[in-house]
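The report below reads a single protein chain from its overall strand order down to individual side-chain pairings. Please keep the sequence and the coordinates at hand while reading.

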Amino acid sequence: EHGDIVIALVDGQATVKEFAVGEGYYVLRPRSSKADYEPILVEDDFQIQGIVKRVYKGGTRFLLESVSD
């Protein structure tokens, strides 16, 4: 759904981004405060592998809990 944080497969590479729906296209938006990351515009050439439900931050370790279809 629009606004979900997803694990998406784009050009054979996985990325974690916010999912947005446009007219005839989709946008995978970064949620990072770093300016290095840019939105990815896609049409039908990607797959959503899962939806991020929780992010646990403990020191320098991260654990993503995802749900796949």
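What follows describes the fold, the nonpolar core, the aromatic pairs and the salt bridge in turn.

## Overall fold

The model is predicted, and the protein chain in it has 0 helices and 6 strands, so that, read from the N terminus on, its elements run β-β-β-β-β-β. Of the 69 residues in the protein chain, 22% count as buried. The area that the protein chain exposes comes to about 5500 Å², with carbon and sulfur atoms supplying 46% of it. Among the contacts between residues at least 6 apart in sequence, 28% join residues at least 24 apart.

The pairing of strands can be followed from β1 through β2 to β3. Strand β1, which covers residues 5-10, pairs with β2 in the antiparallel sense over 6 bridges, and within this pairing A8 has T15 of β2 as its bridge partner. The two strands form a hairpin with 2 residues between them, and in its turn D11 has a positive phi of about 55°. Strand β2, made up of residues 13-21, is also joined to β3 by 4 bridges, again with the strands running antiparallel; here A20 stands opposite V27 in β3. The hairpin of β2 and β3 has 4 residues between the strands, and G24 takes a positive phi near 85°.

## The nonpolar core

Which residues make up the largest nonpolar core? The core has 7 residues, namely V6, A8, V10, F19, L28, V42 and F46, and strand β1 gives the most to it, with 3 residues. One of the core residues, L28, can be used to trace the surroundings: leaving aside residues up to four places away in sequence, L28 touches V6, A8 and V10, together with K17, E18, F19, P39 and I40. The neighbours of L28 thus include core residues such as F19 as well as E18, which returns below in the salt bridge.

## Aromatic pairs

The count of aromatic pairs comes to 3, and two of them are set out in the table.

| Pair | Centre to centre | Angle between planes | Arrangement |
|---|---|---|---|
| F19 and Y26 | 5.5 Å | 20° | stacked |
| F19 and F46 | 6.3 Å | 40° | tilted |

Ring pairs link F19, Y26 and F46 into a cluster. Within this cluster F19 is buried, with a relative accessible area of 8%, whereas Y26 is partly exposed at a relative accessible area of 27%; F46, like F19, is buried. The tilted pair of F19 and F46 also has a bearing on how the chain is connected: F19 lies in strand β2 while F46 lies in strand β5 (residues 46-58), and therefore the pair ties together parts that are 27 residues apart in sequence. Both F19 and F46 belong to the largest nonpolar core as well.

## The salt bridge

How many salt bridges does a search of the whole structure find? The search finds 1 salt bridge, in which the side chains of E18 and R31 meet at 4.0 Å, N to O. E18 lies in strand β2 and R31 in the loop between β3 (26-29) and β4 (40-42), so this pair ties together parts that are 13 residues apart in sequence. As general background, side chains of opposite charge can pair when their charged atoms come close.

Are the two partners buried or exposed? E18 counts as buried because its relative accessible area of 18% falls under the 20% cut-off, whereas R31, at 61% relative accessibility, counts as exposed because that value is over 50%. Apart from residues up to four places away in sequence, E18 touches G3, D4, I5, V27, L28, R29 and R31. The contacts of E18 therefore include its salt-bridge partner R31 and also L28, a residue of the largest nonpolar core.

Notes:
Residues numbered from 1 in each chain as written. Predicted model: local features only at pLDDT ≥ 70, side-chain atom pairs only at ≥ 80, totals over all residues. Heavy atoms only, no water. Contact = heavy atoms within 4.5 Å. Core = buried A, V, L, I, M, F, W, Y, C linked by side-chain atoms within 4.5 Å. Buried < 20%, exposed > 50% of the residue type's maximum accessible area, 1.4 Å probe, protein only. Phe/Tyr/Trp six-rings, centres within 6.5 Å; stacked < 30°, edge-to-face > 60°. Areas by Shrake-Rupley, 256 points an atom, 1.4 Å probe, with all protein chains shown as cover. Pairing = 2+ DSSP bridges.
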